[in-house]
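Colleague: I am new to this model and would like to be taken through it step by step. Could we begin with the contacts to DNA and then turn to how the protein chains meet?

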2 protein chains.
Amino acid sequence: MAPAAELDSVDLEILRLLQNDARITNKELAAAVRIAPSTCLDRVARLRSIGVVLGQTIRVDPERLGRPLDALISLRIQPHRRELVDPFVTHVLGLPETRALYNLAGPDDYLVHVSTAGAGDLQRLVLDAFASRDEVSRVHTTLIFQQWAGGPLLPPGAAPPTSGGRTSGSRSGGRVDTE
Amino acid sequence: MAPAAELDSVDLEILRLLQNDARITNKELAAAVRIAPSTCLDRVARLRSIGVVLGQTIRVDPERLGRPLDALISLRIQPHRRELVDPFVTHVLGLPETRALYNLAGPDDYLVHVSTAGAGDLQRLVLDAFASRDEVSRVHTTLIFQQWAGGPLLPPGAAPPTSGGRTSGSRSGGRVDTE
DNA sequence: AGTGAAATTTTTACGTA
DNA sequence: TACGTAAAAATTTCACT
């Protein structure tokens with residue numbers, strides 16, 4: 001279930017529009033890509049069924065949830081064995097501050113993106129949730145000043161957004177500024 | 001428009017459910033949080049209007065879009081002035097491989113999360129899109145073996161998901177494994 | 001695969017407690 | 001603020017090209 005799916009330009013355009021605003025109605029979406037609503041529904045259903053579209057989520061503003069301070073925490077795991085790593089991953093994903101977790105190829109094994117309530121919360125997190133654990137041999141924290149969410153990830157050569165129509169909101173070029 | 005919004009436990013539960021699956025109908029959502037559909041609609045509309053909910057997007061599988069290889073690219077910008085930085089940010093956000101961009105506090109000024117078609121594409125990207133630029137003085141690339149998307153980011157103390165009902169799909173604990 | 005129209009479900013608006 | 005009902009609009013199904 002890994003290989004790349006075959007997508008035509010209409011599929012790519014649908015993905016682009018939905019990634020920009022998934023609340024668009026099927027009717028509007030169909031009009032934007034110039035096909036009938038029922039056909040459009042089939043297209044989207046297919047994209048779901050073949051796993052290109054994994055799901056649909058709301059984008060939440062961390063600041064308005066009381067977590068204005070973001071940071072990246074690099075971690076080195078000492079005996080890098082599965083018995084220690086799996087519980088560690090579970091632990092990190094269980095933290096409410098965790099936004100993303102990466103297992104890396106470099107000397108630092110893991111990178112955690114966290115959103116915290118402030119410097120105090122971040123310090124507490126670094127000390128209590130990471131540094132204090134036996135399997136963690138090194139912790140390095142970097143503050144995030146600003147961040148931008150990625151765009152549609154569409155393959156190069158994909159058709160550019162249709163000229164006239166902004167679908168909704170006030171985005172710029174399909175990219176979403178999150179800060 | 002920055003301070004934390006006042007949210008009660010119902011709001012938090014709504015956010016959690018929508019973040020898990022934004023395609024849930026308002027009717028189902030209302031039932032899950034035990035309020036009337038019309039009330040639920042008001043709640044969600046409020047969350048949108050006060051900016052807690054920024055929008056709605058589909059989650060796309062990068063692998064199925066032909067980008068199975070992820071990497072983090074650290075960058076140092078030489079004269080770190082706005083005239084150079086702004087075009088650089090625009091350039092990075094314009095790359096189809098870009099998934100996220102961070103402006104950091106450390107010695108490395110920027111971190112770019114990219115999804116690429118493979119080692120060749122990544123090499124081309126590092127050389128042509130980053131290393132070749134005048135304002136970029138240092139490039140460091142780290143491969144991502146595995147990654148996990150963060151969860152609801154909800155404040156601690158928020159009520160756990162209601163006992164019986166899984167809303168849809170087969171997620172685990174509200175977290176979404178993206179690899 | 002794509003389409004148009006009917007049938008179903010959902011969203012939305014509004015009056016009331 | 002929350003609710004229930006009614007109107008509007010959406011999605012979804014289906015027979016046909």
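Colleague: Which elements each supply at least two residues of the surface near DNA strand D?

Modeller: This is a predicted model, and what follows is computed from it. The residues around DNA strand D come from both chains, including A:Thr25, A:Asn26 and A:Lys27 from chain A and B:Ile35, B:Ala36 and B:Thr39 from chain B. Grouped by element, at least two residues each are supplied by helix 2 (26-33) and helix 3 of chain A, together with helix 3 of chain B.

Colleague: Which element gives the most to the surface near DNA strand D?

Modeller: By class, that surface divides into 3 nonpolar, 5 polar and 2 charged residues. The element that gives the most to the surface near DNA strand D, with 3 residues, is helix 3 of chain B.

Colleague: What share of the atoms of DNA strand D that come within 4 Å of the protein is sugar and phosphate?

Modeller: Phosphate oxygens of DNA strand D lie 3.1 Å from a polar backbone atom of B:Ala36 and 2.9 Å from an N or O atom in the side chain of B:Thr39. On the chain A side, a polar backbone atom of A:Asn26 is 2.6 Å from a phosphate oxygen of DNA strand D. Among the atoms of DNA strand D that come within 4 Å of the protein, sugar and phosphate account for 65%.

Colleague: Turning to DNA strand C, which residue has a polar side-chain atom 3.0 Å from a phosphate oxygen of that strand?

Modeller: The surroundings of DNA strand C also draw on both chains, with A:Ile35 and A:Arg43 among them, as well as B:Thr25 and B:Leu41. A polar side-chain atom of A:Thr39 lies 2.9 Å from a phosphate oxygen of DNA strand C, and a polar backbone atom of B:Asn26 is likewise 2.9 Å from a phosphate oxygen of that strand. At 3.0 Å from a phosphate oxygen of DNA strand C, the residue with the polar side-chain atom is B:Lys27.

Colleague: Which element gives the most to the surface near DNA strand C?

Modeller: The residues of this surface divide into 3 nonpolar, 5 polar and 2 charged. With 3 residues, the element that gives the most to the surface near DNA strand C is helix 3 of chain A.

Colleague: What relation links chain A and chain B?

Modeller: A turn of 180 degrees, with a shift of 0.0 Å along the axis, lays chain A on chain B with an RMSD of 0.1 Å. Such a superposition means that the relation is that of a two-fold axis.

Colleague: Which residue of chain A comes closest to the rotation axis?

Modeller: The distance used here is that of the C-alpha atom from the axis. At 2.8 Å, the residue of chain A that comes closest is A:Thr57.

Colleague: Why can one say that the copies meet through the same surface?

Modeller: The contact takes 70 residues from chain A and 70 residues from chain B. The copies meet through the same surface because the share of the interface residues of chain A that are also interface residues in chain B is 100%.

Colleague: How many salt bridges are counted between chain A and chain B?

Modeller: The area buried between the two chains is about 6,300 Å², and carbon and sulfur atoms give 59% of that area. There are 22 residue pairs in polar contact between chain A and chain B. For salt bridges between chain A and chain B, the count is 0.

How values were computed. Residues are numbered from 1 along each chain as its sequence is written. Chains are lettered from A and ligands numbered from 1 in the order in which they are written. This is a predicted model: local features need pLDDT of at least 70, side-chain atom pairs count only at pLDDT 80 or more; totals for chains, interfaces and linings use all residues. Side-chain values use heavy atoms; hydrogens and water are left out. A residue is near a molecule or strand if one of its heavy atoms lies within 4 Å of it. A polar contact is a pair of N or O atoms within 3.5 Å; within protein, one must be able to donate a hydrogen and the other to accept it, and residues adjacent in sequence count only if both atoms are side-chain atoms. Helices (H or I, at least four residues) and strands (E, at least two) are DSSP runs, numbered from the N terminus. Ala, Val, Leu, Ile, Met, Phe, Trp, Tyr, Cys and Pro count as nonpolar, Asp, Glu, Lys and Arg as charged, and the others, Gly among them, as polar. Copies are superposed by least squares on the C-alpha atoms of residues with pLDDT of at least 70 in both. Contact means heavy atoms within 4.5 Å. Buried area is the accessible area (1.4 Å probe) that two parts lose on being put together, summed over both. A salt bridge is a side-chain nitrogen of Lys or Arg within 4 Å of a carboxyl oxygen of Asp or Glu.
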